[in-house]
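Here's a quick walk through a two-chain model, written for someone who would rather look than calculate. Have the viewer open as you read.

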Amino acid sequence: MTLWLIPFFPLLGFLINGLFGKRLSKPAVSLFAVGSVALSFIYVLILLSKLYPLTTPYTEHDFTWIHSGFLQVGFDLTVDRLTALMLMIVTGVGLLIHTYATGYMQHEEGYARFFSYFNLFMFFMLVLVLASNLLVLFVGWEGVGLCSYLLVGFYYKEKFASDAANKAFIVNRIGDFGFLLGIFLVVMTFRTLDFGQIASAVSSMPVETNAGILTAITLLLFAGATGKSAQIPLYVWLPDAMAGPTPVSALIHAATMVTAGVYMVARTAFLYNHSTIAMSVVAVIGLFTAVLAATIGVAQNDIKRVFAYSTVSQLGYMFLGLGLGAYSAGMFHVMTHAFFKALLFLGAGSVIHGLGGEQDLRHMGGLRKSMPITFVTLGIASLAISGFPFLSGFYSKDAILSAAYEHAPWMFWIGALTAGLTAFYVFRAFFLTFFGTYRGHHHPHESPLSMTFPLIVLAILSAIGGFFSVPHLLAPLFPLSTGPENITPMIISASFGILGILIAYVFYVANPALAETVRVRAGGLYTLVLNKYYVDEIYAAFIVRPLEVLSRYGLWKAVDVGLIDGAVVDGGGRLVRSVGGLLRQLQSGSIRNYATWVMAGSLIVIFVLGLVGGSVR
Amino acid sequence: MHISPVPLSWYLLLSALLFALGVAGFLYRKSIITVFMSIELMLNAVNLTFISFSYKLRQIDGHIYAFFVMVVAAAEAAVGLAIILTIFKNRGTLQIDEVDSMKL
């Protein structure tokens, strides 16, 4: 059994395409890129069938990475059911999106560059999910962040793309700072980074005396999760990250990387379980993020931005589930979300591709005839995310909301309301795209098979994915709740979803004038939401601007230019120069002058000797 | 036969006088040749002091030093005169004030 082979294949693909991509033809690049991920996928399937039923984790020690004092960190990979689920999502959805990307990126510059980054991303993501200790996880964590940066800034010649890439990277740095502090605290507290060892150490710790340190660790780790998984207050980078190519948005910023935070919290659940404060923080932040992002999504006009806010919102749901202790429900939503959100983005990509790069909903419309496959598959995805009964999103959202219903009814009601909002804005985008009359100037056409095939597969998965019960799969790790099944929350949230769809239908298909009336009526509220509650502006005014001023005038102009450059470096030079200029006057070239100096010197020596009373013998 | 000896202080006075003359010549004469001769004068003034003390103290050290100084003076004369000749060939002058190009 060699677990390291799983991430190794994409790494190989990255090396081939990264080093020789320019000399290879496009089909060859696609072969290596898609082939490496396909190999990983097949290998994962073989491995999991061999390891079945995997009730206990299977760990593999590849080599000792750090051995320093008490701290021993190995490059250890481990597979348990949680990892198995993530492996299937990452390699499966990754394979579909790689296939899709061969069609989508066909006419783009930097074809090989794109796929080498894409494969590198797969490598790091697989390292992340396979990691057996926090440090290896951190390697994957930072690696996917790097790939996200590279791919968001893929169109690096455009200012907005490189700005968005910088924003994504810097905002993630803030979260990762917390994450790193959390890791340090783990090392100090447990003297190990291995998940298994930490778990056994925690279980034997008296909770009362260690609640403080565990809360600190979990909150710091969660700070990392808010960065990577786009939660309040660090969610601002994700909508801007849509500047990257659409397959990137689908794979990295919807299906896999952004769920890394959810995965990490579930992976360290044994820590969170010991801190009620941290759990509440996770739940509340998740819930508020879900509501906030959903309301912003209502007013966005860029199709990818609508789905980006929807991703933020759905990630909020996942954290809500985690915070309520329903880890398996959160992971369930990770899986179904990976299906339908990847499909939403790929569908949006198909629309954008068919319209020659148009992303504005106001310039779409009536596309259901010219793009039938995209229309149907995107429809299924929209229904799934709305929690339409018996589609995948219905089951996972229900699992989370049921947990909320049991623990905190107020959270349930807000969550259910958000489900309605979600249905409304997703269908708003859907109706604006496919219904009515076409409002643009292109000639819409259906996408090639390499793009529609993944759409169809994902549509099937989005439809039936809910029957694959993740809570039962993860039962060995996270025990199932034993309470009686309660269908009330299921009915309430599903009806909110259907209501949202109906309202969207009334507003954007049946009576488009009504939407305009409401928009005008809402006035200031609409402007507020359209401008995303001015969060970016607030951050700019209160954090970015002061930092910039401090850096520019304090650190740069005063400390660097003034003190270090001016006083130390230039000052040292000036001092030597002026002293030298003074001493230079001695070198007059006149022998007589020199002789005078010699005589004066001798006289001084004689005088001093006489003064101190030098004597012969 | 006993001749009353010349007192040591006379020798030292003479030596100091010669040395002072040498210094003055070195500082105030304009011709390089004269300056050079002034240096020789100073060296010999020192020699005189060495010999006087050597004689007075009945020790051989002073003599040895005097010989050393003479050897150095001879070597110096050889090199110095060669330099002076070269300067005269290149510049056509022996005025010490005009030879001052070694400066910043």
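What follows covers chain B, the contact between the chains, one helix pair and some backbone oddities.

## Chain B on its own

Keep in mind that this is a predicted model. Chain B is all helix as far as its secondary structure elements go: 3 helices and 0 strands, running α-α-α from the N terminus on.

How does its spread look? The C-alpha trace of chain B spans about 60 × 30 × 25 Å along its principal axes. Its radius of gyration is 18 Å, whereas a compact globule of 104 residues would have one near 13 Å. Buried residues account for 10% of the 104 residues in chain B. Take the contacts in chain B between residues at least 6 apart in sequence, and 47% of them join residues at least 24 apart.

## Where the chains meet

Chain A and chain B each put 10 residues into their contact. On the chain A side, helix α25 (residues 591-612) gives the most, with 5 residues. By class, that side of chain A divides into 3 nonpolar, 5 polar and 2 charged residues.

## A helix pair in chain A

Now look at helix α16 (residues 372-385) and helix α19 (residues 449-464), both of chain A: their axes come within 9 Å and cross at roughly 30°. The cut-off for roughly parallel is under 35 degrees, so α16(A) counts as roughly parallel to α19(A). The crossing is left-handed.

Which residues make the contact? From α16(A) they are A:Ile373, A:Thr374, A:Thr377, A:Ile380, A:Ala381 and A:Ala384, and from α19(A) they are A:Thr452, A:Leu455, A:Ile456, A:Ala459, A:Ser462 and A:Ala463. That gives 8 nonpolar and 4 polar residues, with no charged ones.

## Backbone oddities

Most residues other than glycine have a negative phi, and most peptide bonds are trans. Here are some exceptions.

Two of them are cis peptide bonds ahead of a proline. One joins A:Tyr52 and A:Pro53, with omega about 5°; A:Pro53 is in the loop between α2 (26-51) and β1 (58-68) of chain A. Another runs from A:Ile232 to A:Pro233, with omega near 5°, and A:Pro233 is in the loop between α8 (207-228) and α9 (237-240) of chain A.

Then there's positive phi in residues that aren't glycine. A:Lys532 has a phi of about 55° and belongs to the loop between α23 (524-530) and α24 (535-584) of chain A. B:Arg58 has a phi of about 60°, in the loop between α2 (32-57) and α3 (61-91) of chain B.

Buried or exposed? A:Lys532 is buried, with 20 other C-beta atoms within 10 Å, while B:Arg58 is exposed, with 6.

Key. Residues numbered from 1 in each chain as written. Chains lettered and ligands numbered in written order. Predicted model: local features only at pLDDT ≥ 70, side-chain atom pairs only at ≥ 80, totals over all residues. Helix = DSSP H or I, 4+ residues; strand = E, 2+ residues; numbered from the N terminus. Rg over C-alpha atoms; globule rule 2.2 N^0.38 Å. Buried ≥ 20, exposed ≤ 12 C-beta atoms within 10 Å, placed from the backbone. Contact = placed C-beta atoms within 7 Å. Axes fitted to C-alpha atoms, helices over the stretch in contact; angles between N-to-C directions. Parallel < 35°, antiparallel > 145°, perpendicular 65-115°, else oblique. Left-handed = near helix turned anticlockwise from the far one by under 90°. Nonpolar A, V, L, I, M, F, W, Y, C, P; charged D, E, K, R; others polar.
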